[in-house]
Amino acid sequence: MISLDDLTANNLGLINVIAYASYSDQELEEIRDSGELAQYAYYNEVPVGLVICKPLHPVNSKSPAGLLIDKLCVLPAYSGKYGLEDRLLEYVENVTRKRHLDKVYVATADPSQWQKFGFLHEDASQELYRSLNLVREGQQLLRKVLDN
Amino acid sequence: MSKTANYRATASKEENQFREALKLYDSKQYKKSLKLIDGILKKNPHHAESLALKGLALYYSDTDKASAESYITRALEKDGTNNVVNHIGGIYYRAVKNYKEAAKWYQAAMDHGSTNKSILRDLSSMQSQIRDFKNLPKSRLGYLEDQPGYRANWTASAVAHHLHGDLPNAEKVLGRIEELISDKLQESDYYEHSECLLYRNDVIAQMGDYEAALKDLDRIEATNMVLDGLSLLEKRADYLMKLNRKKEASLVYRKLLKRNPDNAKYYYQLEDSLGVRNAPRVRVALYEKLASFYPKSDPPHFIPLTFLAGDEFKRKAQNYVLGQLRRGVPSTFVNVKPLYKNNSHAATIYSIVSEFFETIQDQPLTYCWTAYFLAQHHYHVGSYSEALRMIELAINHTPTLVELYIFKARIYKRMNELDQAASVMNEGLKLDLQDRFINTKTTKYYLRADNVHKAIDTISVFTKNDDSPNGLRDLHLMQSIWFIVESAESYLRKYRKALGEHNSTEAKTNLGLAFKRYVSLTKIFEEFYEDQVDFHHYCMRKGTPRAYLTMIDWADNLFDQPMYNRVLDGLSETVLEAVRHKVLFTTEQGHKKLKKEEIRKREELVQYSQSVAEDDDVFGEKALHQIIQDEKLDILVKQQALLHQHDAVFTQIFNFRVNFQLKKYVLCLQSLNKLLALDKHNPFIGYMVVQLRNHLAESTPDTIKKIVSVGLMKNFGKADTANLLETYFGANDLETGLVLARMSETAFQARLSEIKENLDPYSRGLVSIVQLSY
């Protein structure tokens, strides 16, 4: 019933619709070019969910600290009922492991919905995250450490 | 004595040189061939064979196509009884697609003693193409006698008899070859053999002796050589029905249903064979049985809905509709739409679905498709704002389904908000750019909104655009009829709008473009007709006489199809508009120097308008100007000859409009009377009566005036305006509105206003646009 699939040049229009966002054409291209870092979720072959993430690169490090979830959303009518969020998160975790990383980050204004997935508060003011501007007004940084 | 010898020597030298030139021509060395011919002609400018060959070589060598014909005609004039010259003439006219002339000269070649029997084969192709079925059997037979070793020639001969209406001889020829060949068949012949057996059976059935046809069917089935099992069953069932052996027929229909339980036709035929059409109880029981045999097929579930009523209808409809909605079938509404002809059924279905809608909040896709169903219901009963509300509910719920946008756009279209409609369609398109269906829809909606450039941009994603700025040329090359006809209609609307705004330059350009598009469409249909040429020979060789005859039928009615009616309707309207507003084309518009901005705009317009490369009349202005000058309307008169269905409604209307412009009032009267016999309330009848009455006074010889007015008196003597309005303009539909829009008399205009009130906004808009140019 649930399946995931890549973004293609022909279905980028879905991003703004699913995420209620307004990415510019250029941004949409970049998201697509990130390959496995973005993914659609389908419920009975209807696209209803989306995840977009990117590597979190500390300023003074060559290798990324983990993957940062930029957007993980499911249309309200399909959200929280069919495990679409779980599947998208599981996908992100798999990509993280595939890249030999073990941390997934998210900046959110609503920590409670992430905590149930094992995300914990992370101090964004640490040296590691300096000048990355990870959190905006009212948001917190959360982190999940994956076990092997 | 020596003089003749000398002459003979030159003659034979000429002969040899000519043979040499012919050889070169055959090996496609046209230039070398031409050189030799020129040598002969220098010595003997009257050598007809050389003249003819020169024409042909010129045609194929691309050096001087234009003068090719003059050599051919000169050669034929000089020595019209020389079979070599005749043959070359035939080849030339075939190449230039003048099949009538080609047939004439091929025939002449045979008549003048050519021993080249393969000419007969080409002759038969030409005769078939021009439908000269009277002479076809002779040439087919001639070729068969020369080459009896090929089954193709026997089949061809039989088909020729058949086309000429001589069924017994067709059957005889087919039987003869069947006998000759039956013990020599190889595996590669099996398909041809199977087709020929079935064809022979068709011929027998067409003679009307179904007993014999059935017997033949038994025979060929027993040979085990017929590969098309479906045809065997369908024919058997058909013959049994015709012989009134219904019980046996019903068994065959049951077999057919087993093969394909989704073919609704078999269900109805089964009913007829069982004789239960008028026995509702038995009918219900029958379908319940069938539905249990074929639970996954639609017809046994749907058909009972067409004859049930009351609670029984409600119960079955509920199962049918809700079952589909639960499964999320997008076409659920389309499936039940035929039932909407019955108002009480519509109400029942609506109450079933709207109750259901309240109970399924927690099943998102079912909810969504049900809202989609309800939106379509409201649209269908004409409550557009309610339809819009429902579709928006669905879109807000699941904004990623393309179907929802398509329908939302359709609602806006019906509300006559055409720009909005196109932009909603485009929103849907953005969700899935590789979906050709929505691309096509978006293109069409832009055309309906008269935004031709945007339409071309949209569809150009899917066209081949090398060397051209957009897909317009490719669409013409690919014969994309729907696109060309929609753009023609758009240009015609743009013309009328421009006329309404007194912008004569704009009006002229758009009318010219509409004309160009319509002419392209007529050419595409000509090409369709043309495409038959190779098949007169090919189908016989491949052993597909049945498919061949289907093609012949198709081509015979090609120009009477609804799509071509639409083309001719638009083409005649365009030409008649040009004639009525000839001032657009005849007043010299001062060639003032264009500003830079205007030049850029003009160039852009050319890019979006040029349908073929290197066109010197992109906007069709020269062509229309020519037609206005000429006054003979050849382009329309030519089309009249293509309409083969002499008793079709459209044929009368088209002929009337053309003949009226040409002031051939007696012919107009004939069309009027025919139309009256065909469709006694057609609004065009009223239109024709008024037109004839109003214009009869003008410049007609008294005799004609008398014929027409007596004719009018006979059928319409007592018809005053009120009477006409009541009889022919009673319907509140678009067609009636469009006819009235062309009539300026006050009484008719008042009736038009009434009709417009009752039309949906989109149709009302269409009528208003037509009014702009009348």
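This note comments on a predicted model of two chains, A and B.

1. Confidence. The model is predicted, and the predictor assigns the complex an ipTM of 0.94 together with a pTM of 0.92. For chain A the mean pLDDT is 93, with 99% of the residues at 70 or more, and for chain B the mean is 94, with 98% of the residues at 70 or more. Within chain A, the element with the lowest mean pLDDT is helix 4 (residues 112–115), at 91, while strand 2 of chain A has the highest, at 97.

2. Annotation of chain A. An unreviewed UniProt entry carries the annotation "domain: N-acetyltransferase" for residues 2–147 of chain A. In the model this span of chain A is 24% helix and 31% strand, and its end C-alpha atoms are 25 Å apart.

3. The sheet of chain A. Seven strands of chain A make up an open sheet with mixed pairing, in the order 1-2-3-4-5-7-6. Strand 1 (2–5) and strand 6 (120–122) of chain A are its edge strands, each of them pairing on one side only. From one strand to the next, the twist averages 35°.

4. Strands 2 and 3 of chain A. Strand 2 (residues 38–43) of chain A runs antiparallel to strand 3 of chain A, and six bridges join the two. They form a hairpin with two residues between the strands, and A:N44, which sits in the turn, has a positive phi of about 50°. For anyone checking the register residue by residue, A:Q39 stands opposite A:V51 of strand 3, and A:Y40 has A:L50 of strand 3 as its bridge partner.

5. Strands 3 and 4 of chain A. The pairing of strand 3 with strand 4 of chain A is also antiparallel, in this case over eight bridges, and A:I52 stands opposite A:K71 of strand 4. Strand 3 of chain A is mostly covered, since eight of its 11 residues count as buried.

6. The helix across the sheet. Helix 3 (residues 84–98) of chain A lies across five strands of chain A, namely strand 1, strand 2, strand 3, strand 4 (66–74) and strand 5 (103–108), and runs at about 160° to strand 4.

7. The contact between the chains. How many residues of each chain take part in the contact between chain A and chain B? There are 13 residues of chain A in contact with 13 residues of chain B. On the chain A side, helix 1 (13–19) and strand 3 (46–56) each supply at least two of the residues that touch chain B, and helix 1 of chain A provides the largest share, four residues. By residue class, the side of chain A that touches chain B divides into nine nonpolar and four polar residues, with no charged ones. Strand 3 of chain A therefore deserves attention in two settings, as a contributor to this contact and as a mostly covered strand that pairs within the sheet.

8. The overall build of chain B. Chain B has 44 helices and zero strands, and its C-alpha atoms fill a box of roughly 110 × 85 × 60 Å along the principal axes. Of the 774 residues in chain B, 40% are buried. When contacts in chain B between residues at least 6 apart in sequence are taken, 55% of them join residues at least 24 apart.

9. Positive phi values in chain B. Most residues other than glycine have a negative phi, and two loop residues of chain B can be set against that background. B:K28 has a phi near 65°, a positive value in a residue other than glycine, and its place is in the loop between helix 1 (2–26) and helix 2 (30–43) of chain B. B:D467 has a phi near 60°, likewise positive in a residue other than glycine, and belongs to the loop between helix 26 (452–459) and helix 27 (472–477) of chain B.

10. Surroundings of these two residues. Are B:K28 and B:D467 buried or exposed? B:K28 is exposed, because 11 other C-beta atoms lie within 10 Å and the cut-off for an exposed residue is 12 or fewer. B:D467 is exposed as well, with 7 other C-beta atoms within 10 Å.

Terms used
Residues are numbered from 1 along each chain as its sequence is written. Chains are lettered from A and ligands numbered from 1 in the order in which they are written. This is a predicted model: local features need pLDDT of at least 70, side-chain atom pairs count only at pLDDT 80 or more; totals for chains, interfaces and linings use all residues. Two residues are in contact if their C-beta atoms, placed from the backbone, lie within 7 Å. Ala, Val, Leu, Ile, Met, Phe, Trp, Tyr, Cys and Pro count as nonpolar, Asp, Glu, Lys and Arg as charged, and the others, Gly among them, as polar. UniProt positions are given in the numbering used here, feature names are shortened, and annotations may be inferred rather than shown by experiment. Two strands pair if DSSP finds at least two bridges between them. Axes are lines fitted to C-alpha atoms, for helices over the stretch in contact, and angles run from 0 to 180 degrees between N-to-C directions. A residue is buried if 20 or more other C-beta atoms lie within 10 Å of its own, exposed if 12 or fewer, and partly exposed in between; C-beta atoms are placed from the backbone. pLDDT is the predictor's confidence in each residue, from 0 to 100.
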